[in-house]
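Student: Please take a close look at one part of this model, the packing of a helix pair and the aromatic rings around it. I would like the cut-offs stated.

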Amino acid sequence: MPSEGRCWETLQALRSSDKGRLCYYRDWLLRGEDVLEECMSLPKLSSYSGWVVEHVLPHMQENQPLSESLPSSASASALDQPSFVPKSPDTSSAFSPASPATPDGTKGKDESQHTESMVLQSSRGIKVEGCIRMYELAHRMKGAEGLRQWQEEQERKVRALSEMASEQLKRFDEWKELKQHKEYQDLREVMEKSSREALGHQEKLKAEHRHRAKILNLKLREAEQQRVKQAELERLRKEEGQVRLRALYALQEEMLQLSQQLDASEQHKGLLKVDLAAFQTRGNQLCSLISGIIRASSESGYPTAESQAEAERALQEMRDLLMNLGQEITRACEDKRRQDEEEAQVKLQEAQMQQGPEAHKEPPATSQGPGGKQNEDLQVKVQDITMQWYQQLQDASMQCVLTFEGLTNSKDSQAKKIKMDLQKAATIPVSQISTIAGSKLKEIFDKIHSLLSGKPVQSGGRSVSVTLNPQGLDFVQYKLAEKFVKQGEEEVASHHEAAFPIAVVASGIWELHPRVGDLILAHLHKKCPYSVPFYPTFKEGMALEDYQRMLGYQVKDSKVEQQDNFLKRMSGMIRLYAAIIQLRWPYGNRQEIHPHGLNHGWRWLAQILNMEPLSDVTATLLFDFLEVCGNALMKQYQVQFWKMLILIKEDYFPRIEAITSSGQMGSFIRLKQFLEKCLQHKDIPVPKGFLTSSFWRS
């Protein structure tokens, strides 16, 4: 719009005017009221006039031509009019601190020339001009001083701010450095912790690796040991199989020999009251049984222990069969001989009656008084079949000793250690047998059975097994049998009740391991020949000490033991034997027959009554045997047993009494009182210490 353009032009003209170019100070009121007073006072020549003359007039003279051209009326009017004074500050550029900027350079130049052409024509004007210039100079100096102070103040503030900023920067740098250091420390701790965890994990992995390696090594070692053990067991199994096979052949050979003896009994067929064909049929069945066992074993490779045990039981049955047949034949021969004697007696009496009364004075040839000769119907020597059995057991014992001779005579320290460990493992459990509790007895039995079965057992803090040495099983069986008999010789001799717990363990082991039973009999017969029964005879050239040892006496340094001690030992072994034949292991197989039962007790009693008694020995052994085994024999044989007791009382007592001296009557009287009491009450009491059912529940 036109009006708006004129407004801007007016404003521009005002800004370019002299008044518009004046500098105004907004803070003039701060300097006080003296500024207004100076403006309101009359102008007077300042003390600075000299300075104005010296500095201003030279400039005025240079501009003289210009001043003269001005009309005098103008000069006069300039001096008279005070309104001209405000224009004087802008007339000289030399005293102004700075020329104000103009929008146009040409216009500013014209104005400067116009200002320079202005002159002061009066002293008052000079004075005013000098005052103005002095004031401006003072004002500029004061402003410069204020500016300088302000600048110094600002510089001080800047320096203070700079120092404060520098300090803050330092604090910030320190804080930042501390933070970095802390972060570095945290990072280092984290890294160290991670490193420790990594090392710990690594150590753990190493430990696990070592542990696994150790386990693997142990497993490898165990596998190798197992392989070696299996190989050793296989070798032992083969060796045992070969031994069993040879034993089976030996059993078959003996069985055939017994069968031949059984067939040879055909000549006594007319004397026997029993059917001989039944004996022969059973003998043939037993021979076929052993032949079948050998045939089956040959097909399967090697015979097992069960096969050998079955063959041994068959052979034992054959022996018993032949023994029973021998007893029948002996009884039949005795009956025949007695019948012949009675017939001869009858014929003799008839002949005497025909000859006259003088013949009655001659006594019969066969009747003797108690103090006369021994009757001819008793014998001193044992039956041949019994002696064969006795010799077979001794040969088997000697063969067993030869089998483990290499182990006993070895000088190797390891072999000696194994021998000692096996001997302790075999003998210590037997020594621990007592009447305390049935559970303890079962532990001992299981330990002995495990040892004989080849299983490892603990002995003296070490594991012991018969598989450690090829001859270990034979050695353990021999030592175990020897220890059982020794317990009877020592423990049972001192404590009669101990016979039953020892016997029941021995019977159970005998049933599971028949060879141990044969070795027990061999040791028993060797130490106590009366358990056969067998009375050794003195032979020419034999030393007296050797003969006494054969009788069972202990001879040390050419000194024979006392008779009481000898009888005590014999009594202990007979009591153990009498307990074994009537007891069975309660946890065993009841369907199996006793490996050495009461029939052997009946045989022993019958054979010892068919032999001439020995002074002091026969009475002692009969009493011990009947006291321990009499109740069982009574229940088994009943009437026949009572007949035998009557026979002992009526026929055998006089024979014992006839050979017993007055100083040895104690054992005879004890036997006589025991028998008379039993016959009176018609009962034989249960022996003291017999194992009842309550014992096994304890």
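Tutor: What follows covers a helix contact and then a ring pair.

This is a predicted model, in which local features need pLDDT of at least 70, side-chain atom pairs count only at pLDDT 80 or more, and totals for chains, interfaces and linings use all residues. Residues are numbered from 1 along each chain as its sequence is written, and side-chain values use heavy atoms, with hydrogens and water left out.

Helices here are DSSP runs (H or I, at least four residues), numbered from the N terminus. H15 (residues 499-512) packs on H18 (residues 563-580) at about 55 degrees, the axes being 8 Å apart. Axes are lines fitted to C-alpha atoms over the stretch in contact, and angles run from 0 to 180 degrees between N-to-C directions. The two helices are therefore oblique to each other; angles under 35 degrees count as roughly parallel, over 145 as roughly antiparallel, 65 to 115 as roughly perpendicular and the rest as oblique.

In contact (heavy atoms within 4.5 Å), Ala-499, Phe-500, Ile-502, Ala-503, Ala-506, Ser-507 and Trp-510 of H15 meet Arg-575, Leu-576, Ala-579 and Ile-580 of H18.

H18 also holds Phe-566, whose partner Tyr-530 lies 36 residues away in the loop between H16 (514-527) and H17 (544-551). Their ring centres are 6.4 Å apart and the planes stand at 80 degrees, so the pair is edge-to-face. Rings of Phe, Tyr and Trp (its six-membered ring) pair if their centres lie within 6.5 Å; planes under 30 degrees apart count as stacked, over 60 as edge-to-face and the rest as tilted. Tyr-530 and Phe-566 are both buried (under 20% relative accessible area, with exposed over 50% and partly exposed in between; 1.4 Å probe, protein chains only).
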